[in-house]
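Student: Please take a close look at one part of this structure, and then place that part in the setting of the chain. I would like the cut-offs behind each term stated as you go.

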Amino acid sequence: DDRIQMSPPEFMDLRRLEHSFQASSAYVSLGYNARVGDVPERISGAAVTPEFFGVLGVAPQLGRGFAADEGKRGADKVVVLSHAVWQRAFGADPQVIGRSITVNGSPSTVIGVMPEGFDFPAGAELWAPLAFSDQQLSPRFRGFHYLRVLGRLRPGVAIERARADMERVSTQIIEGAPEYAYVERHFAVLIRPLLEDFVGDVRPALTLLVGAVALVLLIACANVANLMLIRATERAREIGIRAALGATRRRLVRQLLAESLMLAAAAAAVGIGIAWFTLGVIADLGARAFPRLGEAGVDFGVLGFTALVAVGTALVFGIVPAYQASQLASYDSLREGARSLGSG
């Protein structure tokens, strides 16, 4: 897709002309034949310019990232490993920095290990410097669009301003290379947020899903509130006895609200348990509709949100039944002939 790829000369023009980025980096996904000792392995990875990790804002767990001079031919025999390769090939040895491995037939030095879970671009387990040759930077390479480019906006620069800046950059690139058919190819430098590139346009689907969940929760809470009202009517005699023994309306409301909170807590615990056991199945079924769904999990944020919703629903849908029940605290309910409802 030419909309998100550039050639090396265009990338260098972009760096020279733009005013919106704090830093920019180019990368290309590659496969590497790596050998650690006598064990050969095919590893998915990427060749990246030295600013790559800084643009993403991710620092290595061990060692360091690439230095500026390691993006030049002859100084690029260094690699950064993923956490998975570090564990698999080196047994999580903390002394791995400085070790030598063979990559595509040439020795390279390990200078860093990335944190667990970092695999950008998707599936990458090894990163090497992207060093351009003089030939790759020559005008004849303007048509070789294989680089993906990342940029971190300067503080205070809105994406609309950056897009306007890219329109200027596009015009200057076209004017600076009249020998290439930029006009015929409708060339333009476009900006797309990385989050959108990761997950795509799933916001409408997620909004619809959240709305459906909220509607189901509302229906369930309304049904439970009705059941609690009926149950409160059945407990009129019990509530009357409590009132006769000196319980105030506030104390009765507080007791009934506590029962609502216990019910909500039990329901939340059951819901979390069901989510925990079915999350893998849901991720497999929804992988196509929701990108990166496989990374979803039940964490402390989810637990906190669930607790907040449980308390909120217990208070909102429990206060009316509790208040209604407290009004039943009359001495009439203690009479032998007081009407009562049979439990159903």
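**A close look at helix 1 and helix 3**

Tutor: Buried residues, meaning those under 20% relative accessible area (exposed is over 50%, partly exposed in between, with a 1.4 Å probe and protein chains only), make up 34% of the 344 residues in the chain. The model is predicted, and local features need pLDDT of at least 70, side-chain atom pairs count only at pLDDT 80 or more, while totals for chains, interfaces and linings use all residues. Residues are numbered from 1 along each chain as its sequence is written, and side-chain values use heavy atoms, with hydrogens and water left out.

The chain holds nine helices and eight strands, which are DSSP runs numbered from the N terminus (H or I over at least four residues for helices, E over at least two for strands). Of the contacts in the chain with a separation of 6 or more, where contact means heavy atoms within 4.5 Å, 75% come from residues 24 or more positions apart.

Against that background, helix 1 has seven of its 10 residues buried, so helix 1 is largely enclosed by the rest of the structure. Those buried residues are Pro8, Pro9, Glu10, Phe11, Asp13, Leu14 and Leu17, and what they pack against is strand 1, strand 8 (148–153) and helix 4.

The last of these partners can be described in more detail. Helix 1 (residues 8–17) packs with helix 4 (residues 159–176) at an angle of about 125°, and their axes are 10 Å apart; each axis is a line fitted to C-alpha atoms over the stretch in contact, and angles run from 0 to 180 degrees between N-to-C directions. The two helices are therefore oblique to each other, a label left for angles that are not under 35 degrees (roughly parallel), over 145 (roughly antiparallel) or 65 to 115 (roughly perpendicular). From helix 1, the residues Glu10, Asp13, Leu14 and Leu17 meet Met166, Arg168, Val169, Gln172 and Ile173 of helix 4. Sorted by class, this contact of helix 1 with helix 4 has five nonpolar, one polar and three charged residues. Glu10, Asp13, Leu14 and Leu17, which take part in this contact, are also among the buried residues of helix 1.

Helix 3 (residues 83–90) offers a second view of burial, with His83, Val85, Trp86 and Phe90 buried. These residues cover an arc of only 165° around the axis, which puts them on the same side of helix 3; the arc is that of the directions from the helix axis to the C-beta atoms. The cover over the buried residues of helix 3 includes strand 1 (21–36), strand 2 (39–48), strand 3 (62–63), strand 4 (78–81), strand 5 (100–103) and strand 6 (106–113). Strand 1 is thus named both here and among the elements against which the buried residues of helix 1 pack.

Just past helix 3 the backbone deserves attention. Gly91 follows helix 3 with a positive phi near 60°, and Ala92, although not a glycine, has a positive phi of about 60°. Ala92 is found in the loop between helix 3 and strand 5 and is partly exposed, with a relative accessible area of 28%. Asn104, in the loop between strand 5 and strand 6, is another residue other than glycine with a positive phi, near 55°, and is partly exposed at a relative accessible area of 44%. Further along, a cis peptide bond with omega of about -5° joins Phe120 and Pro121, and Pro121 lies in the loop between strand 6 and strand 7 (126–129).

Terms used:
Ala, Val, Leu, Ile, Met, Phe, Trp, Tyr, Cys and Pro count as nonpolar, Asp, Glu, Lys and Arg as charged, and the others, Gly among them, as polar.
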